[in-house]
Every structure is written in C-alpha cells, then in structure tokens.
Amino acid sequence: MQLTLSQTTLSQTLTVLQRAIPNKPTLPILSSVLLTAETDQLIISATDLYVGIKTTIPCQVTEPGSCAVPGRVFVETVGQLDSGELSLLSTPQELQIQTKSGTTKLPSQPAEDFPAFPQVEGQPLELPTTLFEEVLSQVAFAASSDITRPVLTSLLWQFSSEGLKVVGTDGFRLSVWESPSVTTSAPVSLLLPAKALQEVGKIASLQKAERLTLVVSTELKQVMCQVGDTSVLIRLLDGEYPPYQKIIPNNITTQIEFDTAEMIAHLKRAMIFARESSNIVQWHITPEFCTISATSATSGTHEGRLPITNQEQASGEIAFNVRYVLDFLQACGSERVWFGMVESLKPAIFKPIDKPASQYVVMPFRVQN
Amino acid sequence: MSTYTFSPPELESIWSQACSELQQQLSPAVFNTWVISNPLTGLFIDGETARAVFTCPTAFHATTIRKNLSTQLKTVLDALVGKAVQLEFEVGTPTPKPPVSPTPNQPTSANQSAAFPSAPAPSQPTPTATSAPPASTGASSHAPTPSPAAPTFNSIGSLIHQTKSGSPRVEDLFSPSTLQSVALDRAVVAARQIGLRADFTFETFAVSTTNEMAHAAATAVSNRPGTAYNPLFLYGGVGVGKTHLMHAIGNNILKNNPETRVIYCTGEEFTNEIVNAIQMKRAIKFKERFRTAQVLLIDDVQFIAGKNAVQEEFFHTFNSLIKQASQVVMTSDRPPHEINLLEDRLRSRFEAGLMIDIQQPSFELRTAILLIKASAVNLSIPMEIAQLIASQVDSARKIEGMITSIRSAVELQKKPITSDLVNTILNTEIDKQRPSLKVTPNDVLRAVANHYRVKQIAIRGQQRVAELVKARHVAMFLLKEDLQLPLAEIGRWFSGRDHTSALHAVRKVQKQLMTDDVLQRDISALRMSLTAVSK
C-alpha cells in the first residue's frame, strides 16, 4: 500500500474515527484502525464490535493495499505532524508515515484479522442534520446511562406515516419529541443506543453534512447512519420499551407558565442548598407566584419567588430533583415553558411554549416530612 | 424426509466439546470474542446434511466469524456430528442458558467490557421498574441519582444509595403504582372527552329484581367487551336506568384500559353527525371514526328509525364493528320489534344479540335509588320521607329532580325535611313535569283497549268483568289526570255513567298506584304511547 494525502484531512478524519476505538479491548486487534487504499481513496475503519465507524478520504493512491495499525498511537502521531503532504507506505510488518521532517514506523497487522463490517441493506430513511441534532438535544439527556437496563440507554424512534416520534427515559423522567416533517409509509420502530447517536451527532456537526441517512437491517439488528463520507454502524437494541404513553398525565389541575431563563437562575440558586439532600427543590405554586425553595441541614436555606402566569389560579406543591428540571429547561430552547401537574406525587409535565412538539415528564419527589 | 432437531442438552454437550477443541486451536482473546460469545443455538439433521445455527450478539460478530472462522467451526462440527454441516449465523440474544458453562470464562462479561469499559459485572442486581414495590420502605426503591451521568455503583456491585434509606425518594415513573394512578386519571379525562357522566358507574347503580339481569349483562360486557354479549340491547321506559348502565359500561371499560376507543352518542347525535358529515363532504372521516371504535355506545337508538340514509350508515357501521369484535351497546325505549319504521335487517341484527328489558323500578328500588342519590349530594333523607317520595314518583329521573328541589329548599331556604315540604314539592313537581297530552278521549280509549287487548266498545260498555273494570278505571284515570276532562264528561264517555263513578275510579287508581308495580308500569307505558301520538 502506498499513497499520499494531506495531514489536515487525515487528522480531522481520525478525530471523528477515534471515538469508535475501544480503550482496552479483550481482542487486541480492536484497538487498531484499518486502513484500506483503493484506486483513489483511503478507507479508514474502527470498531468495538458494537459501534463501527468507517470513513472515506479521496487521495492519490500509488499502490492499493490494506493493513491494521494501533489506533491511538496512529491518531496521536498524525495529529502532531506538520501540516502538508504526508505519505503512507506499508510493508508486511509495518506502516511508514513519511513527511518532510521525518519518518514514523508503526507495527502493523494483516487486514484479515480486523473484524469484517457487515453489509447493511434496507430502505434508507433520510433526515436533515439539523432535525437530528434537535432530537438529540431534546431527548438524549433523558436516556439512562445504567447499562443494567439496556433498553433505557436507548432512544425509541418511531417512524410512521404521521411523522417521527423520539422518546428517551431513564425511568424517572421522560422526554418525547415529535415532528410531522419526517414520514415513512410503513411504521418503523427502532431502539437506538443514545450514546452512539450522540457520536453520530458530533460527526455530523464536524462534517457539516446537511442530511444523514439511516439504513436499517432488522435481520442483522444493525443501523447504518451515513453522514457525508462517514458511515456509522450502530447495533439495534432488543427489548420492550416501557409503556411511556401511559404515564403522560393529561388530567392537569394546576398549569402555569414561566420565563425559562429566570426559572433556571432560581433553580441554580436553590441547587446550592439542595446538594446535600438529593438535589430536592420544592415548588409552591400560588395564583401569582411560584416559590422555589431548598433547605440544607448545615448550610442554610434559600427561597426564591418567580412571577408566573397561572390561568386557573390553582395552587400546588411539588418537589423535584432539580437536575431533572434543569436538564430540560436548559435544553428546551424556548423562552417560556408551560408546566402542568396533577398532585404532588403524580408525574408532572413540562412543555416548551415555542416547541409544542416536545413534552417532558418528571416524577416528583416523595418528601417525607 | 424428517428433520431431527437436537434437544438443548444434546446441543450443549456438542457445543462444549466443540469449544474445548477450538480453545486449543485459538488464542484466548480470539476464542472468547469469536467462539464463546457466539454460541451454537440450533442443530438440525436433514438426511445427509446438517445445519448449525449460531447466535451472535452483533452483525459484526456474524460477519467476521463467517469470514474468518467458518472453516475451523465446520471442521470441528463435521467431526462431532459425523455429517457435512452447513453454518448459519443469526444476530440476536441467545435464550438464557443454564449456568453450567463449559469454560471458566463468562461470555457476557468478556463482550460487554469490550464495548463499555466502565461496565459493572453482569451479576449486578437489576433495579427494574416493574419489580419495585410501591414506595413504602426506603431500601427497596430507587433513590435519586444526583447526577444521571454518574452511575452510583460501587465495585462490589451493590447500590450505594440504598444506605440512604428513609430519605426522600423519586418513585419510578414506570412503577405499577404510578402507572395505575396515571391510568385512573387518564380514564377520567377520557370519559369526560367521550361525554360519559362520571357519577354513572356500577357502584352508584341500585340493583333489584327489575333490573338485575340488565346489571349483570352490563357488568359482563364491560369486563370483556366484544366477547361477552355483542350487541347488547337494553330497553325500557323513561328513567329506568338504561343510560346509567350504558355510562357505567363505558366508565368501567375506560377504567380497565384508558386507551380504549370508546364512542358514546345518542341516536340523535349519530343522525346529526351523519347529516353534517355528508354536508361537509367528510363522510369518509365519519366512517373512519365510527368503524375504528372498539366500543360503540348508542343511546336511544330508536331515534334512527324511519331515516333511511342514517339506517343505511348505521347498518354498515354496525356490521363492521361486530365483524372486528368491537362491542356495541344500544338502548331504546322499546324492544326492536316495536320500533316502527326500523329496517328489518337492522331489527334482526339487534335481536341477534342479548336483549334485556329493564322494567320500571319497584317501590323498594325507587326508595333505594332515592337514598343513593341523596347521599351522593350529602343530603340525608329520613326513611319514611324517602318512602313517601318513592310512592309518588314513578321514575328514577324524577327522583333526581325531587332531590334537587329538596336540596335547594333545604340549603337555600333552610327548611327542614318534612313530609309537608315533600308534599308541596311533589305537587308542584308533578304539575310541572307532566305536560298535558294533546290527544282526544278516543285516542286514550284506543290506547287502553290496545294495551289490555280488549274492545273499546267493551270498555265503554256496562260489563263488569274484572279485566274490563280495570281497563275502564285506567282509562278514566288518564282522562282525568292527563286530559283534565271534567268528571261528568268522563262519565258520559262510558255509557252515560254518573260523575261519582268516574271519581271513584280515579281515586281507586291513584291509591293503587302507590303500591301496585304492575299498574304503574301499565300507566307509564300508556302515557308513553299517548305521548307518541300527542300533537
């Protein structure tokens, strides 16, 4: 294998790719990246067998060929090289990286030892990147990171003729995002790992691609996300998603509207005093105000008063893990937020005024006084 | 040619032999990643050939094994099975195997740590949502995780936050108690949207001999909609509780599953909706809405009789609902065969289901209904007063009116509940409630004669056979009470009788009405048919 290409392009591509390189894999070859030179392009792949990234760089290939080299060292070395042309030359045992200022030799392994990427074929689903990023910003934070409940680490994507619906939950809060702009003729329901999707999101913003394509193979339980020159292979999760529709309250008795930025400021102040007590912040809703309070056993107490719009003049009392509320308010991207509750111990619901398609349900705290 | 399928124990023994052979040929890392985590999950022998199925955790595994390890796997399996084995690779989760593992390695942990370096051991107790008991004790439920990004597992795998028992907690969103309480709320909202009255439930329905069949059938239908009795046809006079039962069916179905698509409308609303849909050219929408219902409740279905387009649409809706086992419940003021101008095909379909007659409530039932309804509005009525009202008022709906009147008298005018008060209200109520019938005395005589199946001429005649006398008295009663004819004129209608005979008849019927259920039913049936011909 012999080829030349620009250091900048290669280095940028490798930053994208390195997210798929596992740290200490049980199978040593997985810590490598696979380089494959074809007629006029270099294909670089990395995988931990659950997520795989494959990206293509157009370049001048003198001699096609392939090899696998240690991933981290390769990424780091290329990143430190001077910008300008560099050439890659492989021998059976090593890969040489040659620049004007020097030569680096990395041990290489035969390409055959590197895991083969599955061929994912199916009906492609196209999404605008902006929409994909919006979905992630609205929903992904609600997914769980607790891998003992794999289903909750994923986001539920429901495509149908009526639109797209994406749901994320960790069992304590739930975020639902809907849009009628993406439709499919037949309903498709997918469970995609939230973490892997966030990687795709980062790649999409790095690549500045306008659209991304999802190709789903239910038989292989794989989804291929194609963003520009990069394709990311993600495993589809199996399992039953919790009956999320059943816990969205609709018998709202108290509903208010408030300014998002002001509420965030109030909550952050209250959080200082909530840290010791599991981040509990209490809301006391009256016809004109929402009182936000937190109590610390040692550091003191805080009480803030936020003017609200309360149409039905109903009052209410509820306590939250302030992080759950902040997560949503900071992500929602709406100046004002609508909040509805039924009772102190029943799930409460938030909706951004500007984006009625989003809903966020939080389970309140049971405070034992 | 029959296929032999290996049983799980056989499969496992072959796989463990294969594993021990492969272990010697391959490096431990390769063996763990490509062999152990992709177990043999099916082996079939078809004559001379055999087929082996491996279940791989991801498509990466499947593709790579097929490419790199097929030869080794095939050689080993060929030798063990003694036939040429075809290899197949599926992606999926292998069904959990018994803990007897052929190797000391734990396959899952080897895998997962490759994917998630921070993964805890797979023996981690899983705090699942569904198994968490309703919050009453501290240790068993999830405590709040301060930062969702930072898992609170320690290296041993126990939950750190369990030590904080007794501190405030967040209940799991999907715990059974949350699901249930939200479901109840949703049922209430759904019922309100559908137009069901929240107070019309089975719990508030008083049961007695006149309506116990209907109550039992309605309960059965609401617990197993579409399968118990389909369609269910309830009929009976005014205020016997048809609508109450129908609402109770709807409410109970929603309570069991708030997502059920229930449609409740009256025959009149159904008619109006069709007319509207046709006018607005939205007939398709209308059809879609009604034909996808899981439960259709039609009150006063007799209203659609005589309207051809409506009957046509109802017929098709009805058929498609019954075909997809959606429950249909109808009420009417009379049985299908008595609904004039009802198409025969509809009639026969109504009659194909369960038809139940709800009779006028008996005196005891009326008393019970009165007491239930009074207690629902926090009004305590003494028993003798309740009986007094029940003896005077013949339908449950009027009882409701009575209670409202008494309540306003008690609450607004601060009057005590006495028999005087009740009597005053009763007099005004009865006058107010019954609009005088615009019928001729001949209509009354015809109706009475038809009802008792006697000749009009005989009623007006001189014969004193018991059933004739009864019919004659009822006719006189109606002429006096409903047509307000002078007694002397009533006498003249009956072969020139004296006004005192008329007075006697009226008084006798009035007295009997208090206690005689059959007579009450006769009178209200007659009034109903007279209302029908009233101008």
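## Exercises on salt bridges, cores and rings

In this predicted model, B:Arg197, B:Asp199, B:Lys373 and B:Glu400 are linked in a network of salt bridges, a salt bridge being a side-chain nitrogen of Lys or Arg within 4 Å of a carboxyl oxygen of Asp or Glu. Residues are numbered from 1 along each chain as its sequence is written, with chains lettered from A and ligands numbered from 1 in the order in which they are written. Local features need pLDDT of at least 70 and side-chain atom pairs count only at pLDDT 80 or more, while totals for chains, interfaces and linings use all residues, and side-chain values use heavy atoms, with hydrogens and water left out.

**Exercise 1.** Determine which elements are joined by the salt bridge between A:Lys346 and B:Asp185, and whether the two residues are buried or exposed.

*Solution.* Begin with the distance: the closest N and O atoms of A:Lys346 and B:Asp185 are 3.1 Å apart. Next, place the partners: the pair crosses between chains, from the loop between β23 (336–341) and β24 (348–352) of chain A, which holds A:Lys346, to helix α6 (residues 176–194) of chain B, which holds B:Asp185; helices (H or I, at least four residues) and strands (E, at least two) are DSSP runs, numbered from the N terminus. Finally, both residues are buried, where buried means under 20% relative accessible area, exposed over 50% and partly exposed in between, with a 1.4 Å probe and protein chains only.

**Exercise 2.** Explain why the salt bridge of B:Arg186 with B:Glu259 ties together separate parts of the sequence, and classify the accessibility of B:Arg186 and of B:Glu259.

*Solution.* The closest N and O atoms of B:Arg186 and B:Glu259 are 3.4 Å apart. B:Arg186 lies in helix α6 of chain B and B:Glu259 in the loop between α8 (242–256) and β7 (262–266) of chain B, so the pair ties together parts that are 73 residues apart in sequence. B:Arg186 counts as buried because its relative accessibility is 14%, whereas B:Glu259, at 36%, counts as partly exposed.

**Exercise 3.** Describe the largest nonpolar core, stating which helix gives the most to this core and which domains of chain A supply at least three residues each.

*Solution.* A nonpolar core is a set of buried Ala, Val, Leu, Ile, Met, Phe, Trp, Tyr and Cys residues joined through side-chain atoms within 4.5 Å. The largest has 65 residues, and those with the most contacts inside it include A:Leu10, A:Phe74, A:Leu155 and A:Trp157. Helix α4 (residues 194–207) of chain A gives the most to this core, with six residues. The core draws at least three residues from each of domain 1 (2–113) and domain 2 (124–245) of chain A, the bounds coming from an automatic or database domain assignment. Apart from this core lies another, of 47 residues, among them A:Leu30, A:Tyr50, B:Cys19 and B:Phe60.

**Exercise 4.** Classify the geometry of the aromatic pair of B:Phe54 and B:Phe89, and locate both residues in chain B.

*Solution.* Rings of Phe, Tyr and Trp (its six-membered ring) pair if their centres lie within 6.5 Å, and planes under 30 degrees apart count as stacked, over 60 as edge-to-face and the rest as tilted. A search of the whole structure finds 28 aromatic pairs over all chains. In the pair of B:Phe54 and B:Phe89, the centres are 5.4 Å apart with 20° between the planes, and the pair is stacked. B:Phe54 belongs to strand β3 (residues 49–56) and B:Phe89 to strand β4 (residues 84–91) of chain B, 35 residues apart. Both B:Phe54 and B:Phe89 are buried.
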